[in-house]
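Reader: I'd like a close look at one part of this protein, with enough of the surroundings to make sense of it. Could you walk me through it in plain terms?

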Amino acid sequence: VVDGVVMPAEYEDNTPVGYLSRIAWQNELFDDDIRLESITEDGRFHISQPMLRPASRDTKSPNFLSESEIEQFLFSRGWEVDYKEDSVAHAIYFHPESGVYAADAHAGNFGWDNHGNLKAFDLVVTPSRELFPSIHDDL
């Protein structure tokens, strides 16, 4: 799957190097396979990423993924809660072994591969919790 990506402006590390670093951490820490396929003349990155059967926040969906299942997934991979407001979607997780943080861990950013393994995708992974301005401002 190839996708055109514009770096999200809401994160302070909105640079090509920052974006590519987040992809590298996503690949390493979540066993993903995001690949940079090309860069367009206007600076858009085109990436590819394995197809997943998406999880759902809808409790009536056969693909429902609960917040406790998301946290169990993260904890089993060495992540710890660094900050949590009211849900996993509004939490910051820390990975002590790598020294990086992750956020945006809601069901819409999880899915299952062809072998039934739960995978995280599209989390924001960064070396500094200050790169989450809306959460950091509340601390």
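Reader: Before we zoom in, what percentage of the contacts in the chain between residues at least 6 apart in sequence join residues at least 24 apart? After that, please take me through helix 2 and what packs around it.

Author: Keep in mind that this is a predicted model. On your opening question, the figure is 47%, counting contacts between residues at least 6 apart in sequence. The chain has 139 residues, and 41% of them count as buried. Its accessible surface comes to about 7900 Å², with 48% of that belonging to carbon and sulfur atoms. You'll find three helices and 10 strands, and reading along the sequence gives β-α-β-β-β-α-β-β-β-β-β-β-α.

Now for helix 2, which spans residues 67–76. Its buried residues are Ile70, Glu71, Phe73 and Leu74. Look down the axis of helix 2 and those buried residues fall within an arc of 155°, so they line one face of the helix. Turn to the face pointing away from that buried side and you meet the exposed residues Ser68, Gln72 and Ser76. Just past the helix, Gly78 follows, with a positive phi near 90°.

What sits over the buried residues? The cover for helix 2 includes helix 1 (16–30), along with strand 5 (80–84), strand 6 (91–95), strand 8 and strand 9. So much for the list; a couple of those pieces deserve a closer look.

Take strand 8 and strand 9. They belong to an open sheet of three strands in the order 4-8-9, paired antiparallel. Strand 4 (53–54) and strand 9 (118–120) are the edge strands, each pairing on one side only. As a reminder, strands of a sheet pair through backbone hydrogen bonds, either parallel or antiparallel. Strand 8 covers residues 110–112, and three bridges join it to strand 9. If you want a spot to click on, Gly111 stands opposite Lys119 in strand 9.

One last stop, out on the surface this time. Leu20, Leu36 and Ile39 make a nonpolar surface patch of about 240 Å². Of these, Leu36 lies in strand 2, residues 35–39. Leu36 has a relative accessible area of 39%, so it is partly exposed.

To pull the helix 2 picture together: Ile70, Glu71, Phe73 and Leu74 are the buried residues, Ser68, Gln72 and Ser76 are exposed on the face turned away from them, and the cover over the buried residues includes helix 1 as well as strands 5, 6, 8 and 9.

Methods
Residues numbered from 1 in each chain as written. Predicted model: local features only at pLDDT ≥ 70, side-chain atom pairs only at ≥ 80, totals over all residues. Heavy atoms only, no water. Patch = residues over 30% accessible without salt bridge, like charges linked within 9 Å, V, L, I, M, F, W, Y side chains within 5 Å. Areas by Shrake-Rupley, 256 points an atom, 1.4 Å probe, with all protein chains shown as cover. Salt bridge = Lys/Arg side-chain N within 4 Å of Asp/Glu carboxyl O. Helix = DSSP H or I, 4+ residues; strand = E, 2+ residues; numbered from the N terminus. Buried < 20%, exposed > 50% of the residue type's maximum accessible area, 1.4 Å probe, protein only. Contact = heavy atoms within 4.5 Å. Pairing = 2+ DSSP bridges. Arc of directions from axis to C-beta.
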